[in-house]
Amino acid sequence: MFEEGLKKESILEELKRRLGADLSYDSGVILGSMCTKPHPLANRVFIDHMEKNLFDPGLYPETQKLEIEVVKMMGSLLSNPCASGHIVSGGTEGNLTALWAARDLSGKSEVIIPASAHISLRRASHLLGLKSITVRLNESFQVDTREVEKRVNSNTAAIVGTAGTTELGVVDPIKELSHIAVDHSVYLHIDAAFGGFVLPFLSELGFEAPMFDFRLPGVRSIVVDPHKMGLAPIPAGGILFRNSTLVETISEMIPYLAGGEAEHSTVTGTRSGASVIAVWAVLKHLGRKGYRALVKRCMELTKRLAEGIQQINGLELMVKPTMNIVGIKSDDVDILSIARGLRVRGWAISLFPRHIRIVVMPHTEGNHLETFLEDLKKATSQNR
Ligand code: PLP
């Protein structure tokens, strides 16, 4: 820290100079991120309300009302307008909150997690002192439900399913998981951090869309992140519970707040009211029609990309894309070398042990994908 602060202009100049090398979504090179450029309206209202802290809701009662509305809107997207929950910092916090509720509700010590689940679920289990039981996948990269059923026992606090896996966008057989959860009276949590803003629109667009939401009776909570396909600024995750009783499991009255005592059921204390307001604004502005159009565009581009990949000698898809996530593999060429070849050419792609992952987000344009496919072809042939 300097004793004397610098002038505003020199700070801005330094930031411009120093941050120039950070990537931007507009460049089109970011093909491996689940986040995107937020909607301009969401950015604008976020900036307008940055001082609001929902840890002290008595000071911001109108913002708190908007959070209740946001949760109802996202709940209705997931077939339960009576859902309760919160806008949190992201999918990681949402998953932690869900397992926290499942643990406290059941008083049990194990959680059954698919091998493909996001890393946050294993970390959350660890933090909560829960033993995580990892269940293998079937040949379609979905959790093996027979194995899940075998692993349920009297210590099981929760079963987790993913609706849109991080690595491939695959949806676990949630209907079967729901049967298992109901039969054994076990909590079922669904991580739809990515898929929650995609899957509800797929069937309306004529794509196959497996059921994953609150229509399935075993599902007790769902994570769905507005800062992924919801076009909200970071941070904005969502944790939705089937009903308010589940939230009460982890609620505590905080007495000392300036706005008066208030019930709390989030992991964090101070949390952004601006995030809530931004999510509210973008949901209201885009409506189902706006999100459907967004998903349609991403899915059309995904189809184009998938076809282009299959035309490149030596490359294959890991699996037919369910949503706007594509996995590229090769039996002839080392995938790591292809990824290196792409990265040298400036592409920001994700690398998994057996495949390269592309997420076709709203910031991706057709011409970006055409250039990417040319580079992919070069990177593949160079390493054959
Ligand atoms: N769940 C899934 C399925 C994800 O893909 C991710 C992130 O990619 C998360 C949870 C974690 O979300 P966040 O990074 O917002 O904490």
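This tour visits two helix contacts, a buried strand and an open sheet.

The model is predicted, so local features need pLDDT of at least 70 and side-chain atom pairs count only at pLDDT 80 or more, while totals for chains, interfaces and linings use all residues. Residues are numbered from 1 along each chain as its sequence is written, and side-chain values use heavy atoms, with hydrogens and water left out.

**Stop 1: helices α2 and α10**

Select residues 40-48, helix α2, together with residues 273-310, helix α10. Helices here are DSSP runs of H or I with at least four residues, strands are runs of E with at least two, and both are numbered from the N terminus. The two axes come within 8 Å and cross at roughly 150°. Axes are lines fitted to C-alpha atoms, for helices over the stretch in contact, and angles run from 0 to 180 degrees between N-to-C directions. α2 and α10 are therefore roughly antiparallel, a term for angles over 145 degrees, whereas those under 35 count as roughly parallel.

Next, display L41, A42, V45 and F46 of α2, which make the contact with α10 residues including A274, I277, A281 and H285. Contact means heavy atoms within 4.5 Å. The residues of this contact divide into nine nonpolar, two polar and no charged. Ala, Val, Leu, Ile, Met, Phe, Trp, Tyr, Cys and Pro count as nonpolar, Asp, Glu, Lys and Arg as charged, and the others, Gly among them, as polar.

**Stop 2: helices α10 and α12**

Keep α10 and add helix α12, residues 366-382; the axes lie 10 Å apart at an angle of about 15°. α10 and α12 are therefore roughly parallel to each other. Among the residues that meet are L301, L305 and I309 in α10 and L369, F372 and L376 in α12. This contact divides into seven nonpolar, two polar and two charged residues.

**Stop 3: strand β5**

Select residues 187-191, strand β5: five of the five residues are buried, so the strand is largely enclosed by the rest of the structure. Buried means under 20% relative accessible area, with a 1.4 Å probe and protein chains only. Y187, H189 and D191 lie on one side, L188 and I190 on the other.

Add strand β4, residues 156-162, which pairs with β5 in the parallel sense over five bridges. Two strands pair if DSSP finds at least two bridges between them. The bridge partner of A158 is Y187 in β5.

**Stop 4: the open sheet**

Finally, show the four strands in the order β10-β11-β13-β12, an open sheet with antiparallel pairing. β10 (316-317) and β12 (350-351) are its edge strands, each pairing on one side only. Two bridges join β10 to β11, residues 325-329, and L317 stands opposite I328 in β11.

Conventions
Parallel < 35°, antiparallel > 145°, perpendicular 65-115°, else oblique. Buried < 20%, exposed > 50% of the residue type's maximum accessible area, 1.4 Å probe, protein only.
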